[in-house]
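I opened a fresh page for this protein and wanted to note what I could look up about its fold, its core and its pockets. I set the entries down in the order in which I worked.

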Amino acid sequence: MQLTRFAELGLRVLMYLTESGRELPVTIQEIARQFDVPHNHLVKVVHKLGKLGWVHTLRGRHGGLRLALPAGQMPIGEIVRGMEGDAPLVNCEQPHCTLAGRCLLEGVLNQAVEQFYQSLDQYTLADVLSAPAASKYSTHSPIQLINL
């Protein structure tokens, strides 16, 4: 499964806001410059994040973005679900499939997608910004290899 660029940018914006830790709001212009992405595209991403309740947006001269919740209360799976939407992986109706009624692929793929999101829900925004050595989700073995 591959995330859309839209969802990926949404995650990056939230991570940037988490990491910035500033009292003043962060501007879209600043984030666009940091990630080298078009300002107009980022406006759409931020608008969606705001509608989903992940960021607070402030208009005006001293406006910008802030996280709406602490990073530890923001499950990655919920964020990705919101940004990706509910589009199915396969559409068995368009074009009409000659295997309709005999194929279980759609159900298998839907189950896999749900497991994907459940796996992501085990992590919060705070977890993905932890130092790798200190992360409880590190894939590295604590056993050091010895050269013989």
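Before anything else I wrote down what counts as an element, since my entries on pockets depend on it: helices are DSSP runs of H or I with at least four residues, strands are DSSP runs of E with at least two, and the numbering starts from the N terminus. I also noted that this is a predicted model.

**Entry 1: the fold.** I looked up the secondary structure and found five helices and two strands, which follow one another along the sequence in the pattern α-α-α-β-β-α-α. For the 148 residues of the protein, I read that 28% count as buried. I then turned to contacts between residues at least 6 apart in sequence, and 64% of these join residues at least 24 apart. The accessible surface comes to about 10,600 Å², and 54% of that belongs to carbon and sulfur atoms.

**Entry 2: the core.** I reminded myself that nonpolar side chains tend to be buried together in soluble globular proteins. Here the largest nonpolar core has 29 residues, and Val 13, Leu 14, Ile 31, Leu 42, Leu 49 and Ile 79 are those with the most contacts inside it. Helix H1 (5-20), H2, H3, H4 and H5 each give two or more residues to this core, and H1 gives the most, with seven. I picked out Leu 42 and, leaving aside its neighbours within four places in sequence, found it in contact with Val 13, Ile 28, Ile 31, Ala 32 and Val 37.

**Entry 3: the largest pocket.** I noted a volume of about 350 Å³ for the largest pocket. It is lined by 15 residues, of which Ile 28, Val 46, Thr 57, Leu 58 and Leu 65 are the closest to its centre. Which elements each supply at least two residues of this lining? I found helix H2 (28-35), helix H3 (39-51), strand E1 (55-58) and strand E2 (64-67), and H3 gives the most, with four residues. Sorted by class, the lining has five nonpolar, eight polar and two charged residues.

**Entry 4: the second largest pocket.** This pocket holds about 240 Å³ of space, and its lining includes Met 1, Arg 81, Pro 88, Asn 110 and Tyr 117. Helix H4 (76-84) and helix H5 (105-120) are the elements that give two or more residues to it, and H5 gives the most, with four. By class I recorded six nonpolar, two polar and four charged residues in this lining.

Methods
Residues numbered from 1 in each chain as written. Predicted model: local features only at pLDDT ≥ 70, side-chain atom pairs only at ≥ 80, totals over all residues. Heavy atoms only, no water. 1 Å grid on protein atoms, 1.4 Å probe; cavity = no way out; pocket = protein on both sides within 12 Å on 5 of 7 lines; lining within 4 Å. Points joined across faces, edges and corners; volume = space filled by probe spheres on them. Nonpolar A, V, L, I, M, F, W, Y, C, P; charged D, E, K, R; others polar. Core = buried A, V, L, I, M, F, W, Y, C linked by side-chain atoms within 4.5 Å. Buried < 20%, exposed > 50% of the residue type's maximum accessible area, 1.4 Å probe, protein only. Contact = heavy atoms within 4.5 Å. Areas by Shrake-Rupley, 256 points an atom, 1.4 Å probe, with all protein chains shown as cover.
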